[in-house]
Amino acid sequence: MATIEPEPPFSKSKSMELPRSVVIGHDAIQQVGEVAARLKVGRRALVVADPTTMKIAGETVAQKLAEHKIRVEEYLIPDSSLSAVREAEAIIRKVDVDVALGVGGGRSIDVAKCASFNAGAHFISVPTAASHDGVVSSRASITGDAGEKLSLAAQTPVAVIMDTKIIAESPFRLLAAGCGDIVSNLTAVRDWVLARNLRNEYHSSYAAALSEMAAKLVLENAPNIKPRLEESAWFVCKALVSAGVAMSIAGSSRPASGSEHKFSHALDRIAKKPALHGEQVGVGTIMMMYLHNGDWEAIRNALLAIGTPTTARALGVTDEELIEALVHAHEINKERYTILGDEGLTYEAAERLARITKVI
Ligand SMILES: [Zn+2]
């Protein structure tokens with residue numbers, strides 16, 4: 001007689017870190033003091049910015065915090081290096097800072113995110129441009145001591161303040177690059193399904209759906225994304241927040257980073273003059289969507305409509321550099337399984353892929 005095994009007890013568990021407050025819109029920056037006070041993040045703050053973003057937004061942030069009786073220190077970053085992180089961290093520890101605010105395009109945010117995490121302080125993200133999804137995520141891109149690019153695990157911001165007036169006034173190239181980073185979710189979620197099916201990797205259909213939805217919204221509204229139009233900034237900011245929340249739910253960058261990101265990171269290493277992150281992943285998405293047998297032309301058309309690069313020439317890299325990046329892309333972050341597999345593309349296949357998708 002066959003014995004019936006008892007069902008194993010339920011043992012699933014999961015945790016997610018989400019921002020507690022997200023403010024997007026016209027003059028949102030005016031609310032930073034109120035938000036910090038409401039969230040009770042403490043009485044001492046460190047505003048991290050570069051000389052430009054300190055003028056554009058950092059000074060207003062400091063003033064608004066002061067109005068809510070929060071004492072403010074300022075740190076002007078020289079760059080987004082590990083030494084800048086260590087300097088910011090030293091200030092946080094020395095004056096017992098409760099919350100660090102990263103005010104800038106990406107570098108100030110990355111430095112503030114890492115330093116506050118290392119020193120055990122809260123972190124608030126105040127982007128002045130919307131060029132990539134790092135403004136909402138828990139990861140930070142930092143330059144290592146030997147000049148290498150590092151992607152470090154840090155912390156999710158307790159609050160995100162996105163002022164669409166400020167973001168609409170930033171160079172349009174940055175906003176367009178942000179669209180490229182959002183569109184890349186389309187191939188990232190396909191890579192994720194592949195990893196679940198072939199490697200039994202953890203997959204969250206909720207995180208994937210949210211991430212994909214953000215990308216589809218950008219695809220559909222591509223013709224309406226225009227320079228100096230605050231509504232465009234509003235739209236891109238909302239999509240970046242969705243992508244960030246998707247990553248928080250997944251507990252990793254999986255829903256927003258797949259083979260197209262590997263290509264971009266390889267290009268960063270190979271090209272003499274790499275382009276912006278979002279521009280490179282946009283081009284990567286066109287090519288990886290072809291490999292996934294999806295509608296790569298729809299992605300190319302959307303990027304063309306927005307005005308973000310779709311070719312090696314527009315990225316400012318050579319055809320040779322681009323092909324080499326395709327050939328070496330699978331070597332980046334090897335444990336993340338994607339359509340590139342463990343072997344990657346042959347040189348001939350990479351060249352064919354770039355030609356067929358009109359990238360070279
Ligand atoms: Zn990205």
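In this predicted model, residue A45 has V72 in β3 as its bridge partner, and the strands β2 and β3 are paired in the parallel sense over six bridges. Between these two strands the chain passes from β2 through α2 to β3, and the β-α-β crossover made in this way is right-handed. Helix α2, which spans residues 51-67, lies across β2, β3, β4 and β5, and runs at about 165 degrees to β2.

The wider sheet is open and consists of six strands in the order β1-β8-β5-β4-β2-β3, with parallel pairing. Because β1 (21-25) and β3 (71-76) stand at the edges and each has a single partner strand, one side of each is left without a neighbour in the sheet. From one strand to the next, the twist averages 15 degrees.

Two of the strand pairs are set out below.

| Strand pair | Sense | Bridges |
|---|---|---|
| β2 and β3 | parallel | six bridges |
| β4 (residues 99-104) and β5 (residues 122-127) | parallel | six bridges |

Within the second pair, G102 is found opposite S125 in β5.

Another part of the chain can be followed from S259, a residue of helix α10, which covers residues 259-270. S259 counts as buried because it has 32 C-beta neighbours inside 10 Å, where 20 or more are needed for that label. Leaving aside residues up to four places away in sequence, S259 touches T187, D191, M288, A329, T338, I339 and L340. The C-alpha atoms of S259 and S184 are separated by 9.3 Å, although the two residues are 75 residues apart along the chain.

Definitions and conventions. Residues numbered from 1 in each chain as written. Predicted model: local features only at pLDDT ≥ 70, side-chain atom pairs only at ≥ 80, totals over all residues. Pairing = 2+ DSSP bridges. Helix = DSSP H or I, 4+ residues; strand = E, 2+ residues; numbered from the N terminus. Axes fitted to C-alpha atoms, helices over the stretch in contact; angles between N-to-C directions. Contact = placed C-beta atoms within 7 Å. Right-handed = clockwise from strand over helix to strand, strands pointing away. Buried ≥ 20, exposed ≤ 12 C-beta atoms within 10 Å, placed from the backbone.
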